Each structure stands twice: as structure tokens, then as C-alpha cells.
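Thanks for coming. I will put the structure up first and then go through a few parts of it.

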Amino acid sequence: MLDNLKILFHQGKQYIPDVTTAAVPGIFRGRPVISAETVSETDWTELCPTGALSASPACIDLGKCTFCGECARVFPGKIQFTTDYKMAVNERNALIIREGDDRVMQVNPGQIRKEISAFFSGSLKLRQVSAGGDNSCEMELNACGNVNFDMGRFGIEFVASPRHADGIVITGPITENMAEPLQICYDAIPEPKIIILAGTDAISGGIFASGPALNRGFLNRYTVDLYVPGNPIHPLSFINGVLDLIRKRS
Amino acid sequence: MNYISIRNNETIPLSAIPELPYAAFLELNVFSLLKKGPAHCVSYFGYPDQGKIRLICCIANDDQHVIYVSSALVDGAAPLPSFSKQNLVFEKFEREIHENHGIRYTDHPWLKPVRYPYNRFDKNQAIGAYPFFKIESEELHEVGVGPIHAGIIEPGHFRFICNGEQILHLEIQLGYQHRGIEPLFLEKKKLLQRSTLAENIAGDSVVGHSLAFVNCWESLCHFQPDRELKLSRTIALELERIAVHTGDLSAICMDIGYQLGSSVYGRLRTPLINYFQKWCGNRLAKGLIRAGKSDYPLTKTLTDDLLALLEEYQKDFEEISEELFSLPSALARFEKTGVISNEQALTLGTVGTAARMSAVKRDIRSSHPHDLYGELQHQPLIKNHGDVHSRARLRKKEINQSIEYIRELVQTLHVATPAPASLEAPRPHSFSLSLVEGWRGEICHCAVTGENGELVHYKIKDPSFHNWLALALAVRNNEISDFPVCNKSFDLSYCGHDL
């Protein structure tokens with residue numbers, strides 16, 4: 001017992017006091033900024049492994065971006081990744097960053113469904129479904145609940161059963177083999193319920209987008225409430241995104 | 001010679017692989033090559049060739065540090081005798097060949113689907129109708145778990161047959177994570193796309209799989225990485241091992257209800273993966289390993305940070321480990337739980353930590369050294385009991401060993417401005433094989449090129465491919481409540497298996 005207390009004491013304070021303002025260590029690649037510099041359109045669009053770059057005007061789609069940083073290496077004057085991890089939005093189009101855009105990305109209050117702020121602002125229980133995820137977003141979602149990020153302090157938690165959940169967090173590009181289990185899980189969640197897509201693979205299919213092993217029909221049937229880009233998502237992107245979604249009034 | 005001996009990361013012309021009649025091919029691999037000292041099958045696969053199926057079998061000899069490669073060209077329609085009938089280590093490989101190419105085996109003991117790939121030979125096979133083993137008895141009951149599990153974890157279906165609380169039998173059905181990665185390697189033509197695919201095979205083994213890909217690719221392109229490149233890759237691989245093993249110890253503590261252990265190991269992992277972010281901008285090292293170059297060279301500042309971090313880490317790591325491994329309530333859950341005997345491990349052909357926990361000295365870092373492992377003179381660590389305790393202790397010991405390796409390697413860092421090197425085109429009509437000892441075990445990537453050096457076939461084998469069956473056997477006669485800690489102590493990959 002004493003040993004355990006000693007160990008506990010030796011850990012010191014591990015939690016991040018304010019997850020909304022914490023700085024990430026090192027060279028994190030977060031929300032990018034595109035300048036007006038002229039570059040060859042073909043070189044620009046051909047470069048990206050997942051087709052996230054488009055031209056006239058120059059844009060990057062964070063729903064497709066794998067955050068490999070290759071574009072910033074080849075065109076350092078054209079595009080730079082900032083360390084801003086707040087990238088979660090509730091409209092698919094808001095993930096597209098255009099030339100000259102340098103605004104904080106946030107949830108659009110006008111698009112939040114009324115039930116969300118009415119029911120979930122103080123407590124949100126989520127069910128996670130990995131539908132072809134590579135276990136990287138899954139590990140980062142687990143990290144959201146660890147002693148460092150401690151998402152539980154906001155009443156946001158992952159639960160074991162869809163029956164206990166207020167919504168679903170999907171990772172992975174949604175494989176054909178997971179399409180049915182995903183639907184069954186979603187159907188088992190009581191209304192009202194939300195859908196969050198976590199990671200590039202879930203939002204667009206990522207590098208697998210063109211593959212015949214996927215079945216993304218689920219996404220055509222329902223409205224997505226939150227998109228969290230990243231490959232994998234950073235825990236701070238996820239936590240801030242969800243807080244933004246449940247705290248704003250529509 | 002009816003086979004060719006190659007080294008790890010060697011590229012040979014396809015024509016150099018001897019082609020044998022199937023009967024001789026079977027005889028050679030099962031009865032001769034596997035018996036030449038400590039040897040095991042690292043990859044066995046088929047691909048379409050001249051309207052038939054080309055089978056390539058790769059047997060690694062761990063003493064001689066070579067891999068024996070042989071091939072056979074078979075007609076997909078004619079039924080064949082199986083390797084598995086003679087030796088169980090081929091069991092999964094032949095199921096995969098059957099599922100992908102429709103080759104019928106006359107005497108395979110367990111010819112069931114592997115992962116229901118989209119391009120499977122028999123489209124009538126449906127993932128919802130997997131033929132589970134059944135026992136008809138009024139005393140027994142079945143427990144079905146998954147594909148979606150209670151935690152934040154990948155999907156797979158576990159079907160238990162239980163007698164009360166005791167597990168008699170477990171069958172594991174996978175395939176839910178199948179994304180069709182192998183064909184995508186052929187379709188995506190740009191190198192950056194392929195690197196991206198490699199680091200998405202299994203997000204917990206980003207360094208391992210990326211390294212297997214770049215070693216394979218560089219070998220195909222005649223590129224010799226310099227020492228600095230190999231050094232940073234070796235450090236990355238060992239750091240990934242430390243980080244994931246630490247996370248696993250956290251999860252093992254969680255599954256026995258030891259909250260303090262889980263929290264401490266969990267928070268100890270954080271600075272390790274944050275270090276990857278400092279180094280390359282991604283907590284799981286995506287973007288760090290690239291063929292022919294490094295976009296994030298190691299600097300003196302970075303290695304100084306790493307040494308300081310490991311110093312800090314080790315103090316707290318030793319403290320919590322000493323407590324965990326002397327805690328009677330933890331040991332009671334660890335010891336004699338989920339046992340795989342040495343004999344079982346050899347029969348199943350387990351690899352990595354799942355082999356070394358049962359005193360099987362199988363470790364690519366010593367048997368087929370890649371990158372700087374030759375210099376390190378790596379000696380595999382082993383445990384003897386094959387239970388949860390052995391798996392947890394082995395992780396602890398491997399973490400300390402990896403820390404020592406990093407300290408040793410960092411001393412030899414010589415920062416130089418890398419000369420810009422360009423990769424040649426991959427050699428045509430060639431075969432290349434790369435083995436990497438990731439934290440989970442041996443990763444094997446094989447590439448076959450065609451007329452213009454384009455990829456004709458790309459084969460990936462994650463260590464989990466061998467080890468899932470070991471988990472199913474380990475839980476027999478254990479209580480079903482011990483399943484989570486057994487599962488976590490193996491920590492196998494779903495997506496690495498399903499591809």
C-alpha cells in the first residue's frame with residue numbers, strides 16, 4: 001500500500017491543465033495555410049498521394065489529407081502546416097482550406113442539431129466502431145481517456161455497449177466486411193444519437209478511397225455531426241472538436 | 001540445387017528461383033528444408049502466372065542466416081495434397097492460397113476462410129456464414145463475442161465453447177478489417193502512395209511495416225542506405241518497441257484491475273510517442289521512414305533529448321515494474337494463465353514475443369539481421385513458461401534491452417549532410433524479400449516485378465498471421481474471465497492480419 005502511494009506521489013501532475021490552449025511538442029502538422037504564390041498546377045495536384053490538393057484556386061482537403069507534409073516540403077513557400085490542432089468541423093466543405101484562408105476552424109453553430117446541446121452538453125457517452133481502421137486512430141482515441149488528456153473530466157467517455165451510448169465514433173475507411181456490423185451497432189443506439197468520423201480514413205477513405213474492398217454506403221444514409229481530420233487524429237483535435245460541438249448552442 | 005539461398009533484403013532474378021514439380025516442391029520444403037536446423041516458414045504464397053498459379057515458398061534457416069526460396073507452377077483446377085497435413089505451420093498459408101486462388105487441397109485439416117478478401121476465388125463465401133466448429137452437448141454453451149468489442153479496439157469475432165466458466169474451445173474469425181492493401185500496392189504507382197500504404201498496414205507497427213517496405217524497395221532499386229539512415233531506422237524501430245510494449249503493460253494491468261499500474265505505464269508511453277512527434281511530426285511515426293532518404297534526419301539535439309527522456313522513463317518504469325511483478329494479486333492472475341508450451345509454439349510456428357515467451361529463440365534481429373542489428377550482436381531474450389507472466393516479463397526485459405541499444409547506437413551518430421541520392425527504377429523480373437523484427441515479431445514483405453520493373457505481386461505477412469491460433473489454444477481450460485488478459489498479453493493485430 002505504502003509503495004503504491006509512493007509511486008503515485010512520484011508521478012507528480014501528469015494531466016494537461018487546459019486542453020483548449022495546450023501547446024503540442026515538436027513539429028506537429030496541424031491546420032495548413034496556403035499562400036498566393038504561383039506554382040505549377042500539375043506539379044501541385046499530382047504530388048499528393050491521396051488527391052487532397054486541387055488548383056485554381058489552390059486548395060487542400062483535410063478530409064483527404066494524410067498529413068504526410070510532402071507538399072510543404074516541395075512547395076515550402078506555397079503551403080505550411082501550423083501547429084494548430086483544432087481542425088474539427090461539422091460540415092464536410094469546411095475541411096477544404098483555400099488559398100489565403102487563415103482562420104481558426106470550428107463547428108458552425110447554425111448546423112448543430114438542437115438535440116445535441118439539449119441532451120449532451122454536460123455528458124456524452126460514445127461507442128467506438130473501427131471499420132477497417134489501422135489501430136492508429138483507435139490508439140489515439142484510447143489516449144483521449146488516459147491520465148494526460150483525461151477527457152472524462154468533461155463527461156465525455158467511451159462505453160462498452162451501443163445501448164449505453166449517445167453516439168458513434170467511426171474510424172477506418174469502412175470495409176465491406178464491416179458495413180453490416182456498423183449498421184447493426186448504429187441501429188442499437190437509442191435516439192437522439194450523433195455520428196463522429198475520426199481520421200482521414202473515415203472521412204474520405206484516405207489512401208484506400210478507390211479500393212473495391214470498401215462499402216461506404218452507411219455515410220450516404222445519415223448526417224455526420226463532426227469530422228475530425230488527422231492520420232491518426234491527435235487527442236487534442238478530438239477533445240476540442242467534441243467540446244466545441246456539445247458546448248455551442250445552435 | 002532445387003532451391004536458392006538468399007540473404008535478408010536480397011533481390012534475385014525470378015529465373016534464379018528453381019521451379020519444381022509440385023510433389024518435389026512439397027517434399028523439399030516439408031521434409032528437407034525445414035529439417036535443416038532451426039528453420040521456419042516466413043512466407044508461402046501464390047500469384048497468377050501464365051494462366052496458372054505460381055507458388056513461392058520461403059523457408060528461413062535461423063542458424064545459417066539464409067532463406068531458401070523455391071517455386072512450383074500449378075494448375076489451379078487440379079486438387080493437390082497439402083503441406084499442412086505433414087506440418088501444421090503451413091496451415092494458414094495454404095488456407096490463404098485456397099481462398100485467393102481456389103486451389104483445392106485433398107487433405108488439409110482445417111480448410112476454412114481466412115479473411116474474406118474482396119477478390120476471393122469463391123464469391124459465395126460470406127463473412128456472416130463462417131463455418132464454426134460445433135460440439136453438440138446439453139452441458140456446453142457457446143459465447144459469441146464481436147466483431148465489435150467492448151473497448152476501443154479493432155473488430156474480430158471470437159466464438160467460445162464453454163463448460164460453465166471454463167473455455168473448452170475458442171475459434172477466432174477475422175477478415176472484418178480487410179481493405180485490399182496488397183492489390184493497392186500494384187494499383188498505386190507513386191512511391192509516396194506505396195509508402196503511405198505501408199504505414200497504414202498496421203498503425204501500431206508503423207516503423208516495422210514501413211521499414212520492411214523500404215528495405216524491400218531499396219533492394220529492388222539497387223540502393224544501399226548509408227549508415228546514418230540505417231542508424232535512425234534502427235533507433236526508430238527500437239523506440240516503437242519500447243512505446244508499444246509499455247502500452248501493452250498498461251493494458252495488461254487494466255485487464256487485471258490494477259489501476260495504478262495501468263495509469264503509470266499509460267502515462268510513461270506518452271513522452272515516448274510525443275518524441276516521435278518531435279522527430280517527425282507524428283506521434284505514431286507516420287512519415288518518418290521513406291525509401292532512399294530521410295525527411296527527418298536525426299540531429300544531436302534530438303538524440304540528447306532522447307537520452308534524457310529514456311533516463312527519466314527508466315526510473316519510473318523500474319519502480320512500477322518492481323511493484324507489479326511482486327504484487328501477489330497480480331502474479332496470481334499472470335502465472336499459469338494462458339499457457340503455450342514450447343512444443344505447441346514450435347508446432348504452430350509462432351513468431352516474435354509469442355515464440356520467445358515459450359523458449360523458442362526466434363528473432364530476425366539475430367537470425368537475419370537487417371539495418372544495424374549485425375553491429376549490435378543482438379541476443380534474443382527468452383522466457384520459459386509461455387503464460388501471461390512470461391509475456392509480461394518478456395516485454396519488461398525487452399524494453400530494457402532496447403533502451404541499452406538506443407544508448408549504444410546514439411554514441412555512434414555522426415551527423416553529416418546527406419548526399420541527395422536518387423532511386424533507380426526497380427529491377428525487372430525480380431524477386432525481393434525483406435524481414436524485419438517489429439515489436440510483435442517478424443514482418444515479411446515480398447515483391448515480384450514484371451517486364452518493366454512494375455510490381456506484379458506484393459505479399460505482406462504480419463506476425464499476427466502465425467500467432468492468432470496460439471491465442472485460441474492458450475485460452476483452453478482457462479476461465480472465460482481470463483480471456484481479456486490473455487488476449488492483451490498477446491496483443492495481435494487485426495488489420496495486419498486482414499490486410
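**A parallel stretch in chain A, then chain B**

I start with one pair of residues: Ile168(A) stands opposite Ile195(A), which sits in S9(A). This is a predicted model, so please keep that in mind throughout.

The strand that holds Ile168(A) belongs to a parallel pairing: strand S8 of chain A, residues 167–171, pairs with S9(A) over four bridges. What do S8(A), helix H6 and S9(A) make together? With helix H6 of chain A, residues 176–188, the two strands make a right-handed β-α-β unit.

S9(A) has a further parallel partner, strand S10 of chain A, residues 226–228, and there the count is three bridges. In that pairing Leu197(A) stands opposite Tyr227(A) of S10(A). How many of the five residues of S9(A) are buried? Four are, so to speak of strand S9, residues 194–198, as mostly covered is fair.

Chain A also has an open antiparallel sheet, made of three strands in the order S2-S3-S5. At its edges are strand S2, residues 53–54, and strand S5, residues 96–98, of chain A, each pairing on one side only. S2(A) and strand S3 of chain A, residues 59–61, are joined in the antiparallel sense by two bridges. Here Leu53(A) is opposite Ile60(A) of S3(A).

Now chain B. The mean pLDDT of this chain is 93, with 99% of its residues at 70 or more. For the complex, the predictor gives an ipTM of 0.91 and a pTM of 0.93.

Chain B has an open sheet of four strands, in the order S2-S10-S11-S12, with antiparallel pairing. Why do S2(B) and S12(B) each have one side without a neighbour in the sheet? Strand S2, residues 11–13, and strand S12, residues 455–461, of chain B stand at the edges, and each has a single partner strand, so one side is left without a neighbour. From one strand to the next, the twist averages 15 degrees.

Strand S11 of chain B, residues 442–449, is paired with S12(B) in the antiparallel sense over six bridges. Val448(B) is one residue to look for: it stands opposite His457(B) in S12(B). A helix lies across part of this sheet: H5 of chain B, residues 206–220, lies across S2, strand S10 (430–437) and S11 of chain B. H5(B) runs at about 150 degrees to S10(B).

Further along chain B is helix H15, residues 464–474, which is mostly covered, with nine of its eleven residues buried. Among the buried residues of H15(B) are Phe465(B), Trp468(B) and Leu471(B), and also Ser464(B), His466(B) and Asn467(B).

Last, the contact between the chains. How many residues does each chain put into the contact? Chain B gives 47 residues and chain A gives 50. On the side of chain B that touches chain A, the elements giving two or more residues are helix H4 (191–199), helix H7 (259–280) and helix H8 (300–324) of chain B. The largest share of that side comes from H7(B), with nine residues. By class, the side of chain B that touches chain A has 20 nonpolar, 16 polar and eleven charged residues.

To go back to where I began, Ile168(A) and Ile195(A) stand opposite each other, in a pairing that is parallel, whereas the four-strand sheet of chain B is antiparallel. That is the end of the talk.

How values were computed
Residues are numbered from 1 along each chain as its sequence is written. Chains are lettered from A and ligands numbered from 1 in the order in which they are written. This is a predicted model: local features need pLDDT of at least 70, side-chain atom pairs count only at pLDDT 80 or more; totals for chains, interfaces and linings use all residues. Two residues are in contact if their C-beta atoms, placed from the backbone, lie within 7 Å. Ala, Val, Leu, Ile, Met, Phe, Trp, Tyr, Cys and Pro count as nonpolar, Asp, Glu, Lys and Arg as charged, and the others, Gly among them, as polar. Two strands pair if DSSP finds at least two bridges between them. Axes are lines fitted to C-alpha atoms, for helices over the stretch in contact, and angles run from 0 to 180 degrees between N-to-C directions. A residue is buried if 20 or more other C-beta atoms lie within 10 Å of its own, exposed if 12 or fewer, and partly exposed in between; C-beta atoms are placed from the backbone. A crossover is right-handed if, with the strands pointing away from the viewer, the path from the first strand over the helix to the second runs clockwise. pLDDT is the predictor's confidence in each residue, from 0 to 100.
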